[in-house]
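Visitor: I'd like a close look at one part of this protein, the annotated site and what sits around it. Could you walk me through it slowly?

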Amino acid sequence: MIKNLAATPTSTITRLSPAKINLFLHITGKRADGYHNLQTVFRLLDWGDYLHFSVTDDVVISTVDNALDANELCHQLVILAGAETITINIEDNLIFKAARALLAAVIQSNTLPEQLAQVHIALDKHLPMGAGLGGGSSNAATTLMTLNEIWQLKLTQDELIKIAATIGADVPIFIFGQDAIAMGIGEQLTAIKLPDQQYLVLTPNAHVNTTQLFAHPKLQRDIAVLSVETIKNKQADYVQHLNTPYHNVFTPVVTSLAHTVSEALRYLQGLKAQALGTARMTGSGSAVFLPLDVSVATDKALLEKWIEEAPCSAYLVRNL
């Protein structure tokens with residue numbers, strides 16, 4: 001039931017929904033549930049989408065109707081705009097899925113408030129889809145955290161991470177909110193302190209189906225597990241450069257299937273001598289990035305030249 005109370009001003013909360021990159025990405029085995037275990041270091045960036053959450057206190061939804069399930073309640077509580085080109089059906093959108101999962105969790109724990117304000121969520125999309133930058137996952141995490149705040153559900157970070165893991169493998173890191181070593185399917189997170197870094201990111205126009213990638217016969221799925229301490233102590237092997245055994249298992253597969261990714265990666269590899277960094281792909285692609293040494297990170301003219309000459313869209317970004 002919707003209650004219209006005395007008209008009150010609408011308040012809006014704007015949140016950055018940041019991108020992530022994987023400094024390396026290993027698959028260490030297949031699980032009994034069909035998912036794959038991985039090891040990676042996630043780095044959050046100061047670049048991403050923006051989500052605007054608008055709340056009008058005079059539109060309040062009563063939740064006391066026991067016949068309402070999380071999906072029906074979510075349709076009443078969340079009005080989503082700006083995602084029409086991403087998913088035709090709102091129920092397929094990760095923002096909606098996040099809100100629904102949040103409601104399902106508080107319904108299950110019997111902590112659902114009797115009334116909740118309706119929230120209008122506007123997505124201002126900047127990150128390309130299917131680029132391995134975690135855009136959709138970040139949107140979902142930002143939604144979980146902000147609705148938890150707006151609705152005063154008082155769920156802890158650990159509780160939100162558990163909900164996040166049911167939505168997608170990359171969602172928990174954005175709840176964690178800092179650079180991290182990730183294991184399991186991405187939900188086992190250990191904070192790691194990394195040096196500040198600037199990156200040149202290229203986003204070629206390519207999207208290789210993730211299911212197709214995981215089924216590819218040439219995908220390496222048996223990388224030896226590294227200890228957390230080893231990863232913490234061997235940063236020189238994957239932060240600026242990428243030395244054995246660190247690599248991204250998806251790179252050879254994706255570059256063989258998508259020539260635009262291969263072209264973008266070759267372009268960045270050609271800048272290695274000047275940038276003093278090793279180019280690589282993030283996630284399962286298609287975005288590729290080049291860590292920049294401090295000596296070139298401040299050379300505005302050079303960086304503008306590299307962006308202008310890139311074979312696809314290019315961005316200069318920093319760690320968050």
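Visitor: Here's where I'd like to start: with which side chain does the side chain of Lys 20 make a polar contact?

Guide: That would be Asn 22: the two side chains make a polar contact at 2.5 Å. Keep in mind that this is a predicted model, so treat every distance here as a computed one.

Let's stay with Lys 20 for a moment. It lies in strand E2, which spans residues 10-30, and it is buried, with a relative accessible area of just 1%. Look past its neighbours within four places in sequence and you'll find Lys 20 in contact with Phe 42, Arg 43 and Leu 44, with the run Gly 132, Leu 133 and Gly 134, with Asp 170 and Phe 174, and with Thr 282 and Gly 283.

Asp 170 on that list deserves a second glance. The UniProt annotation "active site", from an unreviewed entry, covers Lys 20 and Asp 170. The pair is spread over 151 residues of sequence, yet clusters in space, with a largest C-alpha distance of 9.2 Å. Both Lys 20 and Asp 170 also belong to the lining of the largest pocket.

The setting of Asp 170 is a loop, the one between H4 and H5. With 22% relative accessibility, Asp 170 counts as partly exposed, while Lys 20 is buried. Leaving out residues up to four places away in sequence, Asp 170 touches Lys 20, Phe 42 and Ser 137. Phe 42 turns up in the contacts of Lys 20 too.

Now step back along the chain from that loop into helix H4, residues 157-167. Its buried residues are Leu 160, Ile 161, Ile 163, Ala 164 and Ile 167. Why do they share a side of H4? Because they cover an arc of only 165 degrees around the axis. The general rule behind this is that an α-helix has 3.6 residues a turn, so residues three or four places apart point the same way. Turn to the other side of H4 and you meet Asp 158, Lys 162 and Thr 166, which are exposed. As for what the buried residues of H4 pack against, there are three helices: H2 (94-108), H3 (135-150) and H5 (171-176).

H3 is worth a stop for Asn 139, which has its place in that helix. Asn 139 is buried, at a relative accessible area of 3%. Not counting residues up to four places away in sequence, Asn 139 touches Ser 17, Asp 49, Leu 51, Ile 95, Leu 123 and Lys 125.

H2 leads us on to one more helix, since the buried residues of H1 pack against H2 as well as strands E3 (36-62), E4 (78-81) and E5 (115-124). H1 covers residues 70-77, and its buried residues are Ala 70, Leu 73, Cys 74 and Leu 77. These cover an arc of only 100 degrees around the axis, which puts them on the same side of H1. Have a look at the start of H1 as well: a side-chain oxygen of Asp 69 reaches to within 3.2 Å of the backbone nitrogen of Asn 71.

One last stop, if you have the patience, is an open sheet of four strands in the order E9-E10-E8-E11, with antiparallel pairing. Its edge strands, E9 (280-281) and E11 (313-318), each pair on one side only. E8, residues 198-203, is joined to E11 by six bridges, and Val 201 has Tyr 315 in E11 as its bridge partner.

Conventions
Residues numbered from 1 in each chain as written. Predicted model: local features only at pLDDT ≥ 70, side-chain atom pairs only at ≥ 80, totals over all residues. Heavy atoms only, no water. Buried < 20%, exposed > 50% of the residue type's maximum accessible area, 1.4 Å probe, protein only. Helix = DSSP H or I, 4+ residues; strand = E, 2+ residues; numbered from the N terminus. Arc of directions from axis to C-beta. Contact = heavy atoms within 4.5 Å. UniProt positions renumbered as here; feature names shortened; annotations may be inferred. 1 Å grid on protein atoms, 1.4 Å probe; cavity = no way out; pocket = protein on both sides within 12 Å on 5 of 7 lines; lining within 4 Å. Polar contact = N/O pair within 3.5 Å; in protein donor to acceptor, adjacent residues only side chain to side chain. Pairing = 2+ DSSP bridges.
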